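Biologist: I am new to this structure and would love a close look at one part of it, the largest pocket. Could you start there and then walk me outward to whatever connects with it?

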Amino acid sequence: MEKKITVLPGDGIGPEVVEATTNILDEVAEQFGHTFTYEYADIGGIALDREGVPLPDKTVETCRESDGVLLGAVGGPKWDENPGHLRPEAGLLGIRKQLELFANLRPVAGHESLNTSSSLKEEVINGVDLMIVRELTGGLYFGEPKERREEGGEEAVVDTLSYKRSEIERIVRRAFDLAKVRKKHVTSVDKANVLESSRLWREIADEVSEDYPDVTLEHMLVDNAAMQLIRDPKQFDVVVTENMFGDILSDEASVLTGSLGMLPSASIGSDSPGLYEPVHGSAPDIAGEGKANPLATIASAGMMLKYSFGMIAEATAIDEAIQQVLSNGFRTGDIAKPGEKILSTDEMTAEVVKALQTAAAKS
Ligand code: NAD
């Protein structure tokens with residue numbers, strides 16, 4: 001197959017982890033007889049520096065014309081004082097909105113060999129395998145009005161949590177579709193005891209569940225979900241929730257895997273190309289030093305192969321190569337225990353390439 005991939009390296013460690021990942025994609029392309037071509041474009045701080053906006057129109061065009069988008073990360077102290085619409089993060093929110101990427105999938109699966117790097121007890125996280133499905137283009141982050149204003153002579157502020165029925169239904173349905181091919185359990189997280197938006201969310205989840213008789217639906221209040229995620233994470237299979245709840249819960253879930261440097265994500269819509277990126281940020285503290293863990297971005301590319309290109313064997317090869325390097329004891333600084341040898345980004349990438357080659361030679 002021939003696939004056109006838009007690459008948005010972004011800021012900080014973004015370019016480093018993205019370069020590592022295109023090396024892995026090249027190896028997969030060679031092994032499986034595919035051609036991947038890369039079109040580079042700017043987003044975030046680098047786009048602000050070069051073009052004065054965090055999301056240039058031509059970046060959006062390039063993304064639209066491709067089969068999948070691979071993103072590094074955006075942001076950094078240089079742009080922290082910019083007004084909201086001129087911050088790097090506005091580029092990220094913008095591309096999600098422009099491509100209507102309403103579903104953010106964040107798989108959280110422990111790697112047995114990393115269980116001791118988590119701050120949680122090994123017996124709690126051993127065997128965790130869950131998927132957070134976060135609504136990404138609606139809710140509190142996008143609702144209008146969103147402004148500072150004056151009320152009764154003093155400063156006031158408003159953010160708005162609004163959803164249309166169709167927006168809730170499509171994300172809940174996506175969660176059920178995923179659960180069907182996993183452990184057939186959906187936990188819908190809301191705050192229905194307080195929020196009207198959550199009460200509609202709950203009603204719709206119940207309606208959608210009728211179309212999936214083999215999938216069990218459970219409702220859980222978000223405060224309880226935050227507690228259950230670290231108390232007993234193995235109870236979860238697919239967790240579906242609105243934008244802000246999902247943002248918070250998915251970062252909380254990252255401790256289950258030991259490091260932010262291990263978590264991939266996919267943002268997908270209905271007709272547009274999917275966007276694949278690590279959950280971590282631009283890590284300005286280690287940028288340019290060759291210390292970044294590339295595995296979350298490499299795993300995100302694996303999700304692109306699976307969800308956008310339908311390349312299941314290729315995606316599995318990437319996942320298995322990551323498991324293999326971890327089982328072999330290779331570590332970047334963020335996942336190394338004291339005294340363990342620390343690999344650079346390039347060295348870790350080379351180990352993943354080697355693991356792919358070894359697996360191919362065996363099959
Ligand atoms: P961060 O995820 O960038 O870093 C948090 C900590 O984790 C840092 O100590 C960092 O060194 C470490 N870390 C992160 N990724 C790593 C990796 N791959 N390998 C090794 N260590 C890694 O979060 P932050 O420090 O809160 O934010 C830094 C910047 O990133 C900010 O400007 C923020 O707005 C931005 N950010 C961007 C995204 C995104 O692009 N999706 C997400 C979160 C934060």
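Modeller: Happy to. The largest pocket has a volume of about 630 Å³. Its lining is made of 24 residues, and those closest to the centre of the pocket are Pro107, Ala109, Asp129, Lys306 and Asp319. Please keep in mind that this is a predicted model.

Let us see which elements build the lining. Two or more residues each come from strand E4 (103-109), strand E5 (129-135), helix H10 (295-308) and helix H11. Of these contributors, H10 gives the most to the lining of the largest pocket, with 6 residues. Sorted by class, the pocket lining holds 15 nonpolar, 4 polar and 5 charged residues.

Two of these elements lead us further. Take E4 to begin with: the loop between helix H4 (88-98) and E4 contains Glu100. The backbone of Glu100 deserves a glance, with phi near 50°, a positive value in a residue other than glycine.

The other lead is H11, which spans residues 312-327. Its partner is helix H12, residues 345-362, and the two axes come within 9 Å and cross at roughly 120°. H11 and H12 are therefore oblique to each other, and H11 passes H12 in a right-handed crossing. On the H11 side, the residues in contact are Ala317, Ile318, Ala321, Gln324 and Val325, and on the H12 side they are Met348, Glu351, Val352, Ala355 and Leu356. The residues of this contact divide into 8 nonpolar, 1 polar and 1 charged.

From H12 we can step on to helix H1, residues 14-32. The axes of H1 and H12 come within 10 Å and cross at roughly 15°. H1 and H12 are therefore roughly parallel to each other, and here too the crossing is right-handed, with H1 passing H12. H1 brings Glu16, Ala20, Asn23, Ile24, Glu27, Val28 and Gln31 to the contact, where they meet Thr345, Thr349, Val352, Val353, Leu356, Gln357 and Ala360 of H12. By class, this contact has 7 nonpolar, 5 polar and 2 charged residues. If you follow individual residues in the viewer, look for Val352 and Leu356 of H12: they are among the residues that meet H11, and they are also among those that meet H1.

One residue in the strands is worth a stop while we are at this end of the chain. Tyr40 has its place in strand E2, residues 35-40. Leaving out residues up to four places away in sequence, Tyr40 touches Val7, Pro9 and Thr22. Tyr40 and Thr59 are 19 residues apart in sequence, and their C-alpha atoms are 8.6 Å apart in space.

Another backbone detail sits in strand E6, residues 143-151, where Pro145 lies. Glu144 and Pro145 are joined by a cis peptide bond, with omega about 0°.

Now for enclosed space, as a companion to the open pocket we began with. Rolling a probe the size of a water molecule over the atoms shows where empty space is left. Counting those of 30 Å³ or more gives 1 cavity. The largest cavity has a volume of about 50 Å³. Its lining consists of Leu161, Tyr163, Val189, Asp190, Ser197, Ser198, Trp201, Glu242 and Phe245. Strand E8 (185-190) and helix H7 (196-209) are the elements that give two or more residues to this lining. H7 gives the most to the cavity lining, with 3 residues. By class, the lining has 5 nonpolar, 2 polar and 2 charged residues.

Phe245, one of the cavity-lining residues, carries us to a last pair of helices. Helix H8 covers residues 222-231 and helix H9 covers residues 243-253; their axes come within 10 Å and cross at roughly 15°. H8 and H9 are therefore roughly parallel to each other, and H8 passes H9 in a right-handed crossing. Val222, Ala225, Ala226, Leu229 and Ile230 in H8 come into contact with Phe245, Leu249, Glu252 and Ala253 in H9. That contact divides into 8 nonpolar residues, no polar ones and 1 charged. Phe245 thus appears in two places on your tour: in the lining of the largest cavity and in the contact of H9 with H8.

Definitions and conventions. Residues are numbered from 1 along each chain as its sequence is written. This is a predicted model: local features need pLDDT of at least 70, side-chain atom pairs count only at pLDDT 80 or more; totals for chains, interfaces and linings use all residues. Side-chain values use heavy atoms; hydrogens and water are left out. Axes are lines fitted to C-alpha atoms, for helices over the stretch in contact, and angles run from 0 to 180 degrees between N-to-C directions. Helices (H or I, at least four residues) and strands (E, at least two) are DSSP runs, numbered from the N terminus. Angles under 35 degrees count as roughly parallel, over 145 as roughly antiparallel, 65 to 115 as roughly perpendicular and the rest as oblique. A crossing is left-handed if the near helix is turned anticlockwise from the far one by less than a right angle, and right-handed if clockwise. Contact means heavy atoms within 4.5 Å. Ala, Val, Leu, Ile, Met, Phe, Trp, Tyr, Cys and Pro count as nonpolar, Asp, Glu, Lys and Arg as charged, and the others, Gly among them, as polar. On a 1 Å grid over the protein atoms alone, a cavity is a set of points where a 1.4 Å probe fits but cannot get out, and a pocket is an open set with protein on both sides within 12 Å along at least five of seven lines; lining residues have an atom within 4 Å of a point. Grid points are joined across faces, edges and corners, and a volume is the space filled by probe spheres set on the points.
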